[in-house]
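Please open the model in your viewer and keep the sequence panel beside it, so that each selection can be followed in both.

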Amino acid sequence: MRALTFKGYLLSQLQELSGVGGTSLYSFSKLAENNFRLKDALCLYLMMFTDKNLKNKLLKKYDYLNDGCEKLSGITDNNVEKYISEKELSEYKTIYDNYLYRLNKHNNETKIKNLMYKKICEVKQQKCITNYRIYKELNLNAGNVNSFLKYGNTDKLSVETVRKVLTFINEY
C-alpha cells in the first residue's frame with residue numbers, strides 16, 4: 001500500500017467534492033464557483049502542485065479562484081502546516097487537518113484497539129468469560145477473535161468489532 005500524499009489526498013477531495021471521476025482541473029474549476037469546499041481544495045492544489053502556465057490559464061479563465069490563490073501565495077509542500085497556521089487560514093487548515101487524520105488513521109485505530117484490548121483482558125479474566133462465549137454470542141469469526149484475544153493481534157478486528165466485544169463483556 002502506498003503512503004497517502006497531500007497531493008493525492010487533495011486530488012481525491014477534488015473528485016469527491018465535484019462528483020467528477022477524472023482529474024481535469026478545468027472540470028473542477030467550472031464546478032468550484034458555487035462550491036466553497038471544492039474551491040478551497042482546488043486553490044490549494046493549484047498553488048502547490050500545478051504547473052505555473054496551467055495555473056495562470058485557469059486563474060485567467062476562472063477569476064473567482066484568484067482570491068483563494070492570492071491568500072496561498074508562497075505555500076509549498078514543505079511549509080504547508082506552518083503557512084496555514086501563521087496566516088490563520090482556517091478553511092485550508094481544516095483540509096490539511098483532515099489529510100493528517102486520514103494519514104494517521106491506522107495508527108490511531110491501533111492505539112485505540114490496544115487500549116480496549118487491555119480492558120477486555122482485565123474484565124474477561126474477572127468475569128471468567130471464554131473466547132468461545134464471546135465469538136459465539138456476537139456471531140464473530142472465531143479465528144480473528146482468538147487471534148485478537150490470545151495474542152493481541154489488532155489487525156484482525158475493526159475498531160467497531162473490538163467495541164462490540166468490550167460492550168459485551170462489560171454487560172455480561
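The tour below goes from the interior to charged pairs, then to a surface patch and finally to some loops and long-range distances. Keep in mind throughout that this is a predicted model.

**The nonpolar core**

Begin by selecting Phe6, Leu10, Leu42, Leu44, Leu65, Leu72 and Ile75, which, among the 34 residues of the largest nonpolar core, touch the most other members. If you then colour the helices, you will find that α1 (6–18), α2 (25–31), α3 (36–49), α4 (52–61), α6 (80–86) and α7 (90–127) each supply at least two residues of this core. The greatest contribution comes from α3, which gives ten residues. In soluble globular proteins, nonpolar side chains tend to be buried together.

Stay with Leu42, which lies in helix α3. Is Leu42 buried or exposed? Its relative accessibility is 0%, and Leu42 therefore counts as buried, the cut-off for that class being under 20%.

**The salt bridges**

Turn next to the charged side chains, where the structure holds four salt bridges. Select Lys71 and Glu91, whose closest N and O atoms are 3.3 Å apart in one of these salt bridges. This pair links distant parts of the chain, since Lys71 belongs to helix α5 and Glu91 to helix α7, with their positions 20 residues apart in sequence. Both ends are partly exposed, Lys71 at 43% relative accessibility and Glu91 with a relative accessible area of 26%.

Now move to helix α6 and select Lys82 together with Glu86, a salt bridge in which the closest N and O atoms are 3.9 Å apart. These residues are four positions apart in that helix, about one turn. Glu86 is exposed, with a relative accessible area of 56%, and Lys82 likewise counts as exposed at 56%.

In helix α7, select Lys93 and Asp97, whose side chains meet in a salt bridge at 3.3 Å, N to O. Because Lys93 and Asp97 are four residues apart in helix α7, about one helical turn separates them. Lys93 is partly exposed at 33% relative accessible area, and Asp97 is partly exposed at 34%.

**A negative patch**

With the surface displayed, select Glu33, Asp63, Asp67 and Glu70, which form a negative surface patch. Within this group, Asp67 lies in helix α5, residues 66–71. Asp67 is exposed, with a relative accessible area of 54%.

**Two loop residues with positive phi**

Which loop holds Cys128? Cys128 sits between α7 and α8 (131–137), and has a positive phi of about 55 degrees although it is not a glycine. At 66% relative accessibility, Cys128 counts as exposed.

Follow the chain onward to Asn139, in the loop between α8 and α9 (142–151). Phi of Asn139 is also positive, near 55 degrees, in a residue other than glycine. Asn139 is exposed, with a relative accessible area of 68%.

**Two distances to draw**

Finally, draw a C-alpha to C-alpha distance from Lys118 to Gly152, which are 34 residues apart in sequence and 8.8 Å apart in space. Lys118 is placed in helix α7 and is exposed, with a relative accessible area of 55%. For the last selection, return to Leu42 and draw a line to Asn144, which is 102 residues away along the chain, with 42 Å separating the two C-alpha atoms.

Terms used:
Residues are numbered from 1 along each chain as its sequence is written. This is a predicted model: local features need pLDDT of at least 70, side-chain atom pairs count only at pLDDT 80 or more; totals for chains, interfaces and linings use all residues. Side-chain values use heavy atoms; hydrogens and water are left out. Patches are made of residues with over 30% relative accessible area and no salt bridge: like charges are joined within 9 Å, nonpolar side chains (Val, Leu, Ile, Met, Phe, Trp, Tyr) within 5 Å. Accessible areas come from the Shrake-Rupley method with a 1.4 Å probe; for residues, only the protein chains shown count as cover. Lys and Arg count as positive and Asp and Glu as negative; His and the chain ends are not counted. The place of a charge is taken as NZ of Lys, CZ of Arg, CG of Asp or CD of Glu. Buried means under 20% relative accessible area, exposed over 50%, partly exposed in between (1.4 Å probe, protein chains only). A nonpolar core is a set of buried Ala, Val, Leu, Ile, Met, Phe, Trp, Tyr and Cys residues joined through side-chain atoms within 4.5 Å.
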